[in-house]
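Student: Hi! I have a new structure open and I'm not sure where to start. Could you walk me through it?

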Amino acid sequence: MLLRLAWRNLWRHKRRSLITAFAMAIAVALCMATTAFTDGMGRKMFNVMVEQQLGHIQVHHPDYPTGRKLYDTVPEAAKTMDALEGLPEVAHASAQLMGFALIGGAEETTGGQLVGVEPAREIAVTRADERIVDGRFLEDGKPGEIVLGAGLADEIDVGVGDTVVVVTQGSDGSIGNALYEVVGLFRTGNAALDKSGSMMALADLQDLLVLPDQVHKITVLGHDPDDLLALKNAAIAVVPDGTQVQTWEEASPQAVQMMAMMKFSTLIMLFLVFAVSSFGILNTMAMSVFERTRELGVLKAIGLRPGKLVQLVVAESVFLAALAGSIGFGIGGLLDVYLMVYGLDISGGNPEGMSFQGITLDPVMYGAIEPFSIFSILAALILVSTGASFVPAWRASRLDPVEAIRTE
Amino acid sequence: MSIVSVRNLQRTYQQGTITVKALNGVDLDIDSGEFTVLMGPSGSGKTTLLNCIGGLDTPSSGSVVIDGTELGKLTKGELSDLRLHKLGFVFQSYNLIPVLSAYENAEFVLLLQGVPPKERRERVMQTLKDVGLEGMEHRRPGELSGGQQQRVAVARAIAGRPALVLADEPTANLDSKTGHALIELMKHLNDVHGITFVFATHDPKVMDAAKRVVQLVDGKIESDDRR
Ligand SMILES: Nc1ncnc2c1ncn2[C@@H]1O[C@H](COP(=O)(O)OP(=O)(O)O)[C@@H](O)[C@H]1O
Ligand SMILES: [Mg+2]
């Protein structure tokens with residue numbers, strides 16, 4: 001009954017209610033679109049920054065992250081990889097061996113970083129093949145191949161099909177050198193990496209560096225990115241003694257900060273939008289209570305308890321919010337679908353996309369729907385609508401019926 | 001046994017520096033089934049007295065007992081419930097809920113009282129019939145004349161089967177013919193259903209209908225005639 005009354009009261013001032021509802025609906029829709037966009041961006045960043053670089057967890061020698069010494073390695077690499085991949089929590093794992101070398105073409109030579117990988121496993125984790133701009137990525141079972149950063153290839157003036165010579169010092173102090181065929185060039189968007197990076201088969205680099213069956217880092221992706229601990233504990237059980245397992249959060253506090261900042265800025269924006277729209281509701285409800293002073297006084301006089309009067313006024317604004325919410329979620333949903341399907345071009349005319357802290361973001365960013373964001377918006381809407389109506393409702397419940405009825 | 005028992009009731013209002021004695025020692029007993037008219041010139045304290053009896057106003061001193069319950073001892077919530085279950089109100093300007101139909105306005109009190117749906121429906125229909133509004137159940141107040149609206153107000157006041165109906169100048173906004181008809185209606189309800197009415201007016205013509213006339217002057221009862 002109170003609900004029916006509240007619903008009808010809402011329609012007394014159609015225009016005012018609709019305007020308030022639409023203003024809130026737009027707030028909701030905008031919030032949805034923006035969170036979809038930032039969530040999309042967040043997911044992309046998580047994907048690029050965390051999953052493709054750090055992995056959900058990584059396995060390394062405890063001193064390797066700080067010292068980057070050649071001989072701080074994970075031993076028994078092949079066995080460890082098999083064991084990791086055998087874990088039910090693990091989706092993919094990729095082992096990497098790093099080294100520095102002189103890389104020379106026919107005329108020029110430059111210093112570069114060598115990364116040894118197992119091609120199929122590496123692709124599964126880092127999607128390295130997607131960054132190939134010329135030729136192809138390494139393939140399993142094809143030794144003697146190398147892919148170069150596009151900048152590096154430029155510098156030493158080689159292209160796909162050419163041969164490069166790699167000279168480096170092995171872990172035993174010997175000087176190793178070998179020839180490799182350039183099968184592809186890659187561009188990551190990270191200028192430094194493109195200018196000095198190169199990748200070859202893990203076995204080739206292990207030979208070159210004299211580090212048999214050793215790697216510097218194993219990057220692991222789990223099935224559930226939200227349960228890093230289970231993944232980590234499972235991994236700890238199978239890696240060799242003296243090896244460290246870190247979650248991406250432990251491995252890169254900066255990445256954690258960046259992800260948190262994105263979430264935080266979204267929340268700030270949500271807060272601002274709803275702070276503004278709460279004034280709209282507050283205003284509408286205050287006006288509607290003020291106009292009905294006498295009527296509410298009558299309700300009180302005939303025996304409506306003050307608490308029920310509060311319910312009546314709050315119910316009105318909850319209806320208003322529900323109306324705003326359904327319109328807002330409707331429009332917002334459409335915007336979200338658009339963002340997910342068509343995305344938003346953020347390249348600003350730069351076809352290589354936007355680079356952010358060494359990470360290239362695609363020129364077109366796609367939206368994503370995170371339950372957390374939708375839930376936040378919904379919670380904010382409910383909170384704002386009940387909160388903003390509470391003051392007018394409380395005032396209504398305190399009305400003196402005698403005074404109220406006298407009001408002409 | 002009296003439904004209303006007012007003892008040495010005083011109600012003073014502070015208007016700036018002057019103190020207005022709206023009620024200055026009123027004693028009054030009203031029995032079940034009475035049809036009492038409070039007469040008196042404007043400003044004599046009729047409204048104040050009705051409000052004190054109805055638990056809407058708080059006396060400065062003295063006591064009001066309704067059906068054995070002393071109002072001064074009740075909390076606000078208990079006062080609300082007492083008004084809901086024991087009292088009916090008819091105000092000068094009809095004061096219906098504009099977004100509810102005649103039916104729903106009358107039904108409102110029964111809903112608050114928690115009367116089950118079937119009984120509720122029967123009682124609302126019967127009450128509307130009793131006040132002569134058959135066929136107009138679904139009209140909203142805006143679609144009814146002043147006299148009809150006041151009948152809805154009467155229906156709302158009596159639908160909950162109160163021990164007592166308080167009506168403050170219910171005919172003041174009506175022309176004399178419509179006003180007279182309304183008084184007749186209330187008198188009829190009093191005769192046939194035994195509903196107790198107390199109503200305030202300063203219209204001497206209304207006196208004729210009353211079984212008991214209480215004359216108020218300057219916040220005091222000057223005369224009390226039963227006939
Ligand atoms: N809220 C109030 N504040 C100050 N004075 C009041 C108030 N209500 C009533 N009065 C005064 O009390 C007296 C009685 O008023 P009221 O009961 O309304 O008389 P009536 O209904 O007979 O016209 C009047 O002098 C009026 O001015
Ligand atoms: Mg009066």
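Tutor: Happy to! Let's begin with one term: a residue counts as near a molecule if one of its heavy atoms lies within 4 Å of it. Keep in mind too that this is a predicted model.

Student: Okay, so which chains surround ligand 1?

Tutor: Residues from chains A and B do, so the site is shared between chains.

Student: And how many residues surround ligand 1?

Tutor: There are 14 of them, and the closest are B:Gly43, B:Gly45, B:Lys46, B:Thr47 and B:Thr48.

Student: What does B:Lys46 do there, in terms of distances?

Tutor: A polar atom in the side chain of B:Lys46 lies 2.9 Å from an oxygen atom of ligand 1. The glycines use their backbones: a polar backbone atom of B:Gly43 is 2.6 Å from a ligand oxygen, and for B:Gly45 a backbone N or O atom is 3.1 Å from an oxygen of ligand 1.

Student: How much of ligand 1 does the protein cover?

Tutor: On its own, ligand 1 has 560 Å² of accessible area, and the protein covers 75% of that. The space that ligand 1 takes up is the second largest pocket.

Student: Switching topic: how is chain A divided?

Tutor: Into domain 1, which is 2-49 + 256-406, and domain 2, which is 62-242. The C-alpha centres of these two domains of chain A lie 49 Å apart.

Student: Cool. How many aromatic pairs are there over all chains?

Tutor: The count comes to 7. In one of them, the ring centres of A:Trp7 and A:Trp11 are 5.5 Å apart and the planes are at 75°, so this pair is edge-to-face.

Student: Which cluster do those two belong to?

Tutor: Ring pairs link A:Trp7 and A:Trp11 with A:Phe319 into a cluster.

Student: What are the relative accessibilities of the two tryptophans?

Tutor: A:Trp7 has 36%, so it counts as partly exposed. A:Trp11 has 26% and also counts as partly exposed.

Terms used. Residues are numbered from 1 along each chain as its sequence is written. Chains are lettered from A and ligands numbered from 1 in the order in which they are written. This is a predicted model: local features need pLDDT of at least 70, side-chain atom pairs count only at pLDDT 80 or more; totals for chains, interfaces and linings use all residues. Side-chain values use heavy atoms; hydrogens and water are left out. Rings of Phe, Tyr and Trp (its six-membered ring) pair if their centres lie within 6.5 Å; planes under 30 degrees apart count as stacked, over 60 as edge-to-face and the rest as tilted. Buried means under 20% relative accessible area, exposed over 50%, partly exposed in between (1.4 Å probe, protein chains only). Domain bounds come from an automatic or database domain assignment. A polar contact is a pair of N or O atoms within 3.5 Å; within protein, one must be able to donate a hydrogen and the other to accept it, and residues adjacent in sequence count only if both atoms are side-chain atoms. Accessible areas come from the Shrake-Rupley method with a 1.4 Å probe; for residues, only the protein chains shown count as cover. On a 1 Å grid over the protein atoms alone, a cavity is a set of points where a 1.4 Å probe fits but cannot get out, and a pocket is an open set with protein on both sides within 12 Å along at least five of seven lines; lining residues have an atom within 4 Å of a point. A molecule sits in a cavity or pocket if more than half of its atoms lie within 2 Å of its grid points.
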